[in-house]
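User: I'm new to this structure and would like to know how its labels are earned. Could you take me through a few?

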Amino acid sequence: MFPLVLIFFILLRLIADFPISQSLHERQLLSEPLLVLNQCNDKCGELKVPFPFHLNSSCGMFSNAFQLSCENSTTLFLNIDSEKYRVLEFYSDGLLVDFPGSFSCRQYNDLNSFGFEGNDNFAVSSENVIGLYDCEDSSLCKAECEAIDLPGCDGSGSSSPACCYPLSDHSVWRLGDKFSVFSKFGCRGFSSWVVLRTTTNSAKRGVKLEWAIPRNSSKAVCASNAYIANATAVKAGVRCLCQDGFVGDGFAKGIGCIKSCIKDRREAYGNECNNKRHSDKKLVIIGGVLSSVFIIASFIALFCLLKRPVKPGAFDPDEAHFQSNVSFRKACTTRLFTYHELEEATKGFEEAQKLVDGANGAIYAGVLADGSHIAVHKIQCENERDLIQVLSQIEVLSAVLHRNMARLLGCCIDLAYMPLVVYEYPTNGTLEEHLHQKREPKTSLEWHKRLNIAAETANVLSFLHYEISPPIFHRDLKPGSIFLGEDFSVKIAGFGLLIPTPRDSHKSHEISRFQKNDVCDLGIVILEIIAGSNRLDLPSVALQKIRTGKLEEIVDPLLYYHEQPSSRKEQIEIVADLATRCLLFGGDGKLGMVDVARELGHITKDGVEGGGSKRGPALEETFSNSSLLQMISMSPDSIYLP
């Protein structure tokens with residue numbers, strides 16, 4: 001009965017919520033969520049004080065940390081420890097403050113003038129762009145942020161700072177650091193700007209602080225139609241956010257979440273969204289009757305479809321793969337989870353629980369109330385059509401059984417346009433955690449385990465590409481989406497469930513592209529298995545080293561390459577050769593997943609039997625046949641990998 005109930009739910013959403021969906025589309029044009037005043041309607045000068053900030057202690061809903069002071073009825077200050085920070089502007093998730101200690105206009109400030117490390121309620125946001133003065137080490141300067149319009153302290157334009165560093169680049173600065181961390185680079189001063197959300201090349205001078213409330217004090221603080229979201233900079237901090245179709249502060253003690261809609265070409269709220277004009281009553285009645293008839297007709301059609309036998313040869317793989325309609329021909333055997341269950345299991349989708357964040361969405365580790373370990377895949381859909389396609393793909397995946405696929409336990413569709421897919425999560429975590437020593441106790445993967453992982457990964461992807469009709473592609477393979485069982489057997493998760501739906505003439509081309517991308521992604525994963533590195537430029541650097549015969553310079557030190565016997569070294573070289581061909585020829589379609597699986601199978605078998613491994617084409621031949629040779633020779637940074 002699950003497919004019928006699900007389709008009934010979707011039809012009701014399409015009919016009943018259409019005006020809301022339309023309003024959400026228009027609300028996306030808004031640059032900033034609605035800022036709600038606190039219950040006392042506090043104001044200081046030109047600034048209105050939004051929730052949860054307040055001037056009078058009687059208006060406070062949380063700790064006194066959000067109490068501000070208004071001096072001379074014109075200037076608003078935030079007090080943290082012994083420092084006073086002048087408030088310049090409020091945002092939905094933070095506030096812009098001036099530099100403390102001085103009101104004179106200075107282009108640069110002392111690195112220690114903004115000294116607090118953060119607390120349970122406030123922290124420096126990574127949205128800030130820092131201008132650094134007189135730095136001896138120019139390696140931290142980032143050219144990409146110099147294109148942003150960074151005004152002077154008087155609001156007028158100024159020349160670019162001597163050194164520009166965005167705090168979103170965490171290569172030097174980490175959330176919670178003081179700005180004095182830049183002193184080790186010889187910098188003598190700094191200034192700060194926050195990039196406006198409405199544009200990518202304009203900024204306001206000041207330091208943005210993110211606010212949040214501690215997680216341990218957030219129980220039952222969110223209003224209905226709201227959910228708990230993790231803060232970015234405040235450690236263990238959270239905020240309440242309203243679900244789509246609602247606006248407000250999201251807090252039960254605040255204004256909560258008010259229904260929002262577009263009415264008469266303007267945004268309306270609350271009861272105004274429910275009140276219909278008298279002239280519309282007839283249209284509403286007609287719509288209700290027609291929708292009821294449509295639902296009944298749909299049930300009859302579905303009943304006939306489910307009862308009708310499927311004729312041999314009537315199944316078109318391409319059509320089934322690219323149709324956005326959902327066709328439930330088999331009973332759904334997966335479990336329906338509630339959002340609350342998965343939120344509790346993943347600690348509110350805490351950043352520390354994130355296993356991988358890629359094109360297919362983020363995956364979080366979690367533990368259910370019964371102690372079961374799970375991985376939750378968050379997928380962002382744009383509309384009902386995307387949602388239907390994701391549910392259809394879940395149905396397909398749940399019907400495929402393979403020992404190297406993570407078992408799909410169920411899904412959650414409580415939130416509009418954000419389905420959650422739940423996989424089993426084996427005890428040994430992910431390949432990424434083992435390669436980069438993120439698990440305790442820290443143990444390195446031996447070469448034969450790494451080789452088996454590569455072979456099993458290629459084997460299951462080859463099975464999905466060639467043995468399943470319609471074929472299944474991963475479309476974003478990463479070490480974080482390769483789970484490891486108790487015996488270090490592979491369990492693949494995180495499949496791409498939102499698939500482009502091209503016109504008929506382009507279907508075969510799209511299938512070919514997905515196959516090629518999976519081969520290239522596997523090549524990068526194999527390089528990480530050899531190098532134990534997740535650096536962004538690994539493919540180009542590895543290809544350069546392999547081509548020049550310097551493979552030993554990129555091999556993971558934990559493999560002790562120089563201490564290995566010559567047969568093991570040769571085996572590592574052969575696998576590196578195969579990874580190279582995945583990158584150079586996978587995108588051309590000259591090397592398919594079945595070829596990769598076959599070669600890794602031979603290498604693994606030869607290694608177990610102790611025989612010599614048959615080498616593929618010599619590296620010189622591999623590179624001489626590649627159209628990318630010239631680009632690699634010119635510059636490692638110039639190579640483009642899909």
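User: What makes cysteine 44 and cysteine 70 a disulfide?

Analyst: Happy to help! First, this is a predicted model, where local features need pLDDT of at least 70, side-chain atom pairs count only at pLDDT 80 or more, and totals for chains, interfaces and linings use all residues. Residues are numbered from 1 along each chain as its sequence is written, and side-chain values use heavy atoms, leaving out hydrogens and water. Now, a disulfide is a pair of cysteine sulfur atoms within 2.5 Å. The sulfur atoms of cysteine 44 and cysteine 70 are 2.0 Å apart, so they form one.

User: Why is cysteine 44 called buried?

Analyst: Buried means under 20% relative accessible area, exposed over 50%, and partly exposed in between (1.4 Å probe, protein chains only). Cysteine 44 has 1%, so it is buried. Its partner cysteine 70, at 31%, is partly exposed.

User: How do you know that cysteine 520 has no bond to cysteine 582?

Analyst: Cysteine 582 holds the closest cysteine sulfur to that of cysteine 520, but the distance is 7.8 Å, too far for a bond. Both residues are enclosed: cysteine 520 is buried at 2% relative accessibility, and cysteine 582 is buried at 0%.

User: Why is valine 367 called partly exposed?

Analyst: Its relative accessibility is 39%, so valine 367 counts as partly exposed. Among the residues valine 367 touches are Ala345 and His373, where contact means heavy atoms within 4.5 Å.

Key
Lists of a residue's contacts leave out its neighbours within four places in sequence.
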